[in-house]
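Welcome, and please open your viewer so we can walk through this structure together. We will go from one selection to the next, with a short word on what is there at each stop.

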Amino acid sequence: MKIISLIGNRPQFIKEAVLCEEFKKNNINEIIVNSGQHYDYNMADVFFKSLNIKKPKYNLNVGSGKHGGMTGKIMIEFEKVLEKEKPDLVLIYGDTNTTLAGAIVAAKMKIKIAHVEAGIRMIPKNMPEEINRVLTDRISDFLFCPSKKSVENLKKEGIAKNVFFTGDILYDLFLKMKNEFNLTTFKKLKLTPNKFILATLHRDYNVDNKEKLEKILKQLNLINKNIPIVFSLHPRTKKRIDDFNLNKYIKDLTITEPLDYLDLMGLLINCKSVITDSGGLQKESYFAGKTGYILMPDAGWTELIDYKYNFLCDENNLFQKVSQKHIFPNISNLYGNGKTGQKIVDILKNNL
Ligand code: UD1
């Protein structure tokens, strides 16, 4: 069996760490293709090193760009790879432009597609990630769902064949790497455990609009007067803050470059709570037992909202929500048992 895994952005590199090891354990021939959507050292290479991910055989080097151009470039280059390698399956993760590009090319070449993190749905329907995930699910042959809700979402759309509730691959990684989380970062930043908030922000609807971004940064400033905020700055957000001349609003926050997984998790398990619009970090905050304040109009991980592990916020009420007292409910087992990677590989072995 020959599998091609197409990855290209930070969250996909991280998730690949789990399946790459599982494929190796099972002697499955896996070729990694990196689209190059993320290319800065600390958005890409760092993860291959720290999480011991096999070197990609191909790098499509597409870099940044508009949605159509980026997706198109990945498709053109990925098609050449598939023509050459003729794999039995293409494996893709999540909801990025890399995901959709890989799915379209494989489907047209009649190569089977496995979608890891299938069935997540969110409002607004026109957000790029929602478009990517709906279309990808529609043409995938194996749909690996991280939550029960994602299985239900697919069912509502009439997708039931080869839909598997596998649990969440990020939970595998969290358990696997727990002992290696870097516990020195908060000390270097002169912070006290449980006395700081970890924040990240990168969604287009939060950072691409000046007025909205300014309001969010003002709210962060208000919170920072009570408890220090560590703000790990995504390159997209940094660029917008520069373009919109909003640097005055971040000068009092503790700013870091985008962090390596082990550094970010080290900060996470020591922080008091999390403010984020990252799909991954909202689940990781739950794994770590920290309340998450989610700057999104809707969350794909609705169970975390229902059970009050996470709270939806916006640019007007963030300070107010973070200031309320929230007790973290006892941790239930929402995302499987940490054996998602093994389950996915077993299903593929039995069905291909
Ligand atoms: C992408 C995904 C998003 C995912 C996120 C994780 C899409 C549509 N979005 O969003 O689902 O949650 O990755 O981070 O695929 N940039 C750099 N260096 C890099 C990468 C990006 O400077 O290594 C800057 C560029 O200015 C670029 C901008 O960030 O234009 C946005 O990058 P892009 O890959 O388009 O989207 P993300 O916001 O990272």
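The tour below starts with the whole chain, moves to the ligand, and then visits some rings and two single residues.

**Stop 1: the whole chain**

Begin with everything shown, and keep in mind that this is a predicted model. Colour by secondary structure, and you can look for 16 helices and 13 strands in the chain. Turn the view around: the C-alpha atoms fill a box of roughly 55 × 45 × 40 Å along the principal axes. How does the radius of gyration of the chain agree with that of a compact globule? A compact globule with 352 residues would have a radius near 20 Å, and the chain has 20 Å, so the two agree. If you colour by accessibility, 60% of the 352 residues count as buried.

**Stop 2: the ligand and its shell**

Next, select the ligand and show the residues around it. You should find 21 residues surrounding the ligand, and the closest are His38, Tyr39, Asp40, Glu129 and His202. What classes of residue make up this shell? It has six nonpolar, nine polar and six charged residues.

Now show side chains as sticks and look at the oxygen atoms of the ligand. Select Gln37: an N or O atom in its side chain is 2.9 Å from an oxygen atom of the ligand. Move to His202, where a side-chain N or O atom is also 2.9 Å from a ligand oxygen. Then pick His234, which has a polar side-chain atom 3.0 Å from an oxygen atom of the ligand. Taken on its own, the ligand has 740 Å² of accessible area, and the protein covers 88% of that.

Which elements give two or more residues to the shell? Select helix 3 (67-85), helix 5 (128-139) and helix 11 (235-243) to see them. Helix 11 gives the most, with three residues.

**Stop 3: Pro235**

Stay with helix 11 and select Pro235, which has its place there. Is Pro235 buried or partly exposed? Its relative accessible area is 28%, so Pro235 is partly exposed. Now add Asp40, one of the residues closest to the ligand. Pro235 and Asp40 are 195 residues apart in sequence, while their C-alpha atoms are 9.0 Å apart in space.

**Stop 4: the aromatic rings**

Time to highlight the rings of Phe, Tyr and Trp. The count comes to 15 aromatic pairs. One of them joins Tyr286 and Tyr335 edge-to-face, at 5.7 Å centre to centre with 80° between the planes. This pair links distant parts of the chain, 49 residues apart: Tyr286 is in helix 13 (residues 279-287), and Tyr335 is in the loop between helix 15 (318-323) and helix 16 (340-351). Tyr286 has a relative accessible area of 3%, so it is buried. Tyr335 counts as buried too, because its relative accessibility is 1%.

Widen the selection to Tyr171, Phe174, Phe181, Tyr261, Tyr286, Phe287, Trp301, Tyr307, Tyr309, Phe328 and Tyr335, which ring pairs link into a cluster.

**Stop 5: Ala160**

For the last stop, select Ala160 in the loop between helix 6 (148-156) and strand 7 (163-165). Is Ala160 buried or exposed? Its relative accessibility is 56%, so Ala160 counts as exposed. Add Gly292 and draw a line between the C-alpha atoms: Ala160 and Gly292 are 32 Å apart in space and 132 residues apart in sequence.

Technical notes. Residues numbered from 1 in each chain as written. Predicted model: local features only at pLDDT ≥ 70, side-chain atom pairs only at ≥ 80, totals over all residues. Heavy atoms only, no water. Phe/Tyr/Trp six-rings, centres within 6.5 Å; stacked < 30°, edge-to-face > 60°. Helix = DSSP H or I, 4+ residues; strand = E, 2+ residues; numbered from the N terminus. Buried < 20%, exposed > 50% of the residue type's maximum accessible area, 1.4 Å probe, protein only. Near = heavy atom within 4 Å. Polar contact = N/O pair within 3.5 Å; in protein donor to acceptor, adjacent residues only side chain to side chain. Areas by Shrake-Rupley, 256 points an atom, 1.4 Å probe, with all protein chains shown as cover. Nonpolar A, V, L, I, M, F, W, Y, C, P; charged D, E, K, R; others polar. Rg over C-alpha atoms; globule rule 2.2 N^0.38 Å.
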